[in-house]
Amino acid sequence: MAQARIGLIGLGVMGANLALNIAEKGFPVVVHNRTASVMHDFIDGAGDLAERLVAAEDYAALAAALTPPRAVIVMVKAGGPVDAVIDDLKPHLDPGDIVIDAGNADFNDTRRREAALREEGFRFVGMGVSGGEEGARHGPSIMVGGADAAYAEIAEIVEAIAARYQDTPCAAHLGPDGAGHFVKTVHNGIEYADMQMIAEVYGMLRDGGSRAPHDIAELFEAWNQGPLQSYLVEITAKVLAAHDPDTGKPMVDVILDAAGQKGTGRWTVIEALKLGQSPSTIEAAVAARSWSAQKALRETGAAILTAHDASQTGPDVLDGDLERALLAARIIAYAQGFSLLSAASAEFDWSLDLARIAEIWRAGCIIRSSLLDDIATAFRGDLPGGNLILAPAFVRTLGETISALRRTVASAAVTGLPVPALSSALAYYDTMRLARGTAALIQAQRDFFGAHGFERIDRDGSGLHGPWGG
Ligand code: NDP
C-alpha cells in the first residue's frame with residue numbers, strides 16, 4: 001500500500017464512516033481509536049476497503065505511518081477530549097503537520113487551538129462536517145476554517161469525500177481559524193429552528209386537527225414535492241409513517257416527548273447575543289427543547305391548567321396554509337442565520353462568502369433544501385439591507401405566504417397551542433417592516449429611571465434628557 005497522507009483518530013459513528021469514505025475515494029488512511037478493540041472491529045468489518053486502512057496502536061505508530069507534512073483528522077467527543085488528543089499527539093508530530101478537528105467544536109475553542117498550535121509551528125484546521133452517519137459515509141457538507149496553505153494540503157481529499165451538487169463539491173474553505181466551526185454551529189442553529197417549526201406544524205395537525213401520524217406523514221410527503229422540498233421534511237414524513245415493531249403503534253407516539261441537545265443550538269444563540277444579534281427562531285427552538293425536557297412540570301401543569309381550548313375557533317387554517325406558513329417561517333429562519341454569519345464575518349474579519357455557504361449546504365447536510373439555490377442567487381445579486389427577506393425572490397414568496405403564517409399563529413394563539421418558533425418568525429418579519437418601532441418609549445423609560453439619555457429624530461446630539469422631573 002502507498003504511504004498514507006492522512007490519519008484519523010476516533011472511530012465512533014462519524015470517524016468510522018469518514019474513514020471508510022476517504023478510503024473509498026482511493027486514499028489510504030491510518031486510523032487509531034482510544035479503545036483498541038473498536039479499531040480492530042472496524043478494520044475487520046471494512047470489507048474490501050480494509051486494504052486501504054492501517055491500524056495504528058498508538059500515536060507514535062500513527063505518525064510513523066504518515067508522510068510529512070502529516071494531516072491527522074481528530075473525530076472524538078467535542079471539548080476536553082479534543083485537547084487531550086492534541087496534547088498526546090503533538091510530541092509525535094513535526095512542524096508543518098496539520099491537525100484537523102472535524103467534530104462539532106465551539107469555535108472559540110478552535111480559535112484558541114489554532115493560535116496555540118501555530119505558535120508551536122503546527123497547523124490547525126477546524127472542519128465542520130454535517131450530514132450525520134450517512135453523510136460522513138457517502139458525502140457530507142464540509143465547512144473548513146484554517147490557514148490557506150493548510151487547506152491547500154488537504155483540499156484534494158476534503159473535496160473528494162464531500163457531497164456533490166451538480167458535480168460541485170459541497171466543501172469550501174470559508175476563512176481562517178474558527179470560521180468553519182462557526183458556520184457549522186449556525187448551520188445547526190438553523191437546523192434546530194427548522195425542526196422545531198416542523199414539530200409545531202405537526203402539533204397543530206395532531207392537537208388542533210386530531211390527525212393521525214400516517215395522515216400527517218402523507219401531508220409532509222406531498223409537501224416534499226413542492227417548495228418545502230428538503231431533507232428534514234422528507235425524513236419527517238418517513239418518521240411519522242413508521243410503526244413500533246413491539247406495539248404496532250405509530251413510532252412517534254411511543255417516543256418520550258423530551259428533546260435532547262448537545263450544544264450547537266445553544267452556542268448559536270450565545271454567540272448571536274454577544275454579536276448584538278437575535279435569531280429569534282433559533283432562540284425559540286432552543287427554548288422549546290429546554291421546555292420539552294421539563295416533562296414533570298408539564299405533566300403537573302396539564303393537570304392544573306386548562307388544556308388547550310379547541311372550542312375557541314381561530315381563523316380557518318387549511319393544510320395549504322400550514323405548508324405556506326412553514327415556508328415563510330423557514331425563509332425567515334434562514335434569513336436570521338445568514339444575518340448572524342454576516343455579523344460574525346464583520347466582527348472576526350472573515351470575509352465569509354455567504355453565497356458559497358448556501359451552495360455547500362445544497363447537498364450532504366441536514367438543512368439541505370430547495371431554498372438554498374435561491375439563497376445563493378440572492379447573495380450573488382444586489383441584496384437590499386443584506387437581509388434575505390428583502391431579496392426580490394423572497395419578498396415575492398413571503399408576500400404569497402405570510403398571511404398563512406399569520407393565520408396559523410393566530411389560530412394557535414386562540415386555541416392555545418404553543419408555536420414559539422413560528423410566532424417568533426412572524427414577530428421578526430413584522431418588526432423588520434416597521435420603519436418606526438416602539439423603542440422610543442424604551443429610551444424614554446431608560447432615561448426616566450437611569451438618566452441613560454437618548455437621541456432625537458429632529459436634531460443632532462446624543463445623551464439628551466427628557467422633562468421627567470417636572
Ligand atoms: P461517538 O460518541 O460515536 O464517538 C466518540 C469517539 O470519541 C470515540 O471514538 C471515542 O473513543 C472517542 N473519545 C471520546 N473521548 C475520548 C478521549 N478522551 N480521548 C480519545 N478519544 C476519545 O461520537 P460521534 O462520532 O457521533 O461524534 C464525534 C464528533 O463529531 C463530535 O464532536 C460530534 O459532535 C460530531 N458530529 C457528530 C454528528 C453525528 O451525527 N453523530 C454529526 C456531525 C458532527 P472510544 O471508542 O475509546 O470511546
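Me: What makes a stretch of this predicted model a helix such as α8?
Reply: A helix is a DSSP run of H or I with at least four residues, numbered from the N terminus. α8 spans 179-208. That run meets the cut-off, so α8 counts as a helix. α8 gives five residues to the lining of the second largest pocket, the most of any element.

Me: How do you know that the ligand sits in the second largest pocket?
Reply: A molecule sits in a pocket if more than half of its atoms lie within 2 Å of the pocket's grid points. The ligand is placed in the second largest pocket, so it passes that test. About 1200 Å³ of space lies in this pocket. Of its 40 lining residues, Met14, Val76, Lys77, Ala78 and Lys262 are the closest to its centre.

Me: Why is the pair formed by Val13 and the ligand called a polar contact?
Reply: The cut-off is 3.5 Å between N or O atoms. A polar backbone atom of Val13 is 3.0 Å from a ligand oxygen. That is within the limit, so the pair counts. Backbone N or O atoms of Gly12 and Lys77 each lie 3.3 Å from an oxygen atom of the ligand. Those pairs therefore count too. The protein buries 74% of the 900 Å² that the ligand exposes when taken alone.

Me: What makes Met14 a nonpolar member of the shell around the ligand?
Reply: Met is on the nonpolar list, so Met14 counts as nonpolar. Met14 is among the nearest of the 20 residues around the ligand. The shell divides into 10 nonpolar, seven polar and three charged residues.

Key
Residues are numbered from 1 along each chain as its sequence is written. This is a predicted model: local features need pLDDT of at least 70, side-chain atom pairs count only at pLDDT 80 or more; totals for chains, interfaces and linings use all residues. Side-chain values use heavy atoms; hydrogens and water are left out. A residue is near a molecule or strand if one of its heavy atoms lies within 4 Å of it. A polar contact is a pair of N or O atoms within 3.5 Å; within protein, one must be able to donate a hydrogen and the other to accept it, and residues adjacent in sequence count only if both atoms are side-chain atoms. Accessible areas come from the Shrake-Rupley method with a 1.4 Å probe; for residues, only the protein chains shown count as cover. On a 1 Å grid over the protein atoms alone, a cavity is a set of points where a 1.4 Å probe fits but cannot get out, and a pocket is an open set with protein on both sides within 12 Å along at least five of seven lines; lining residues have an atom within 4 Å of a point. Helices (H or I, at least four residues) and strands (E, at least two) are DSSP runs, numbered from the N terminus. Grid points are joined across faces, edges and corners, and a volume is the space filled by probe spheres set on the points.
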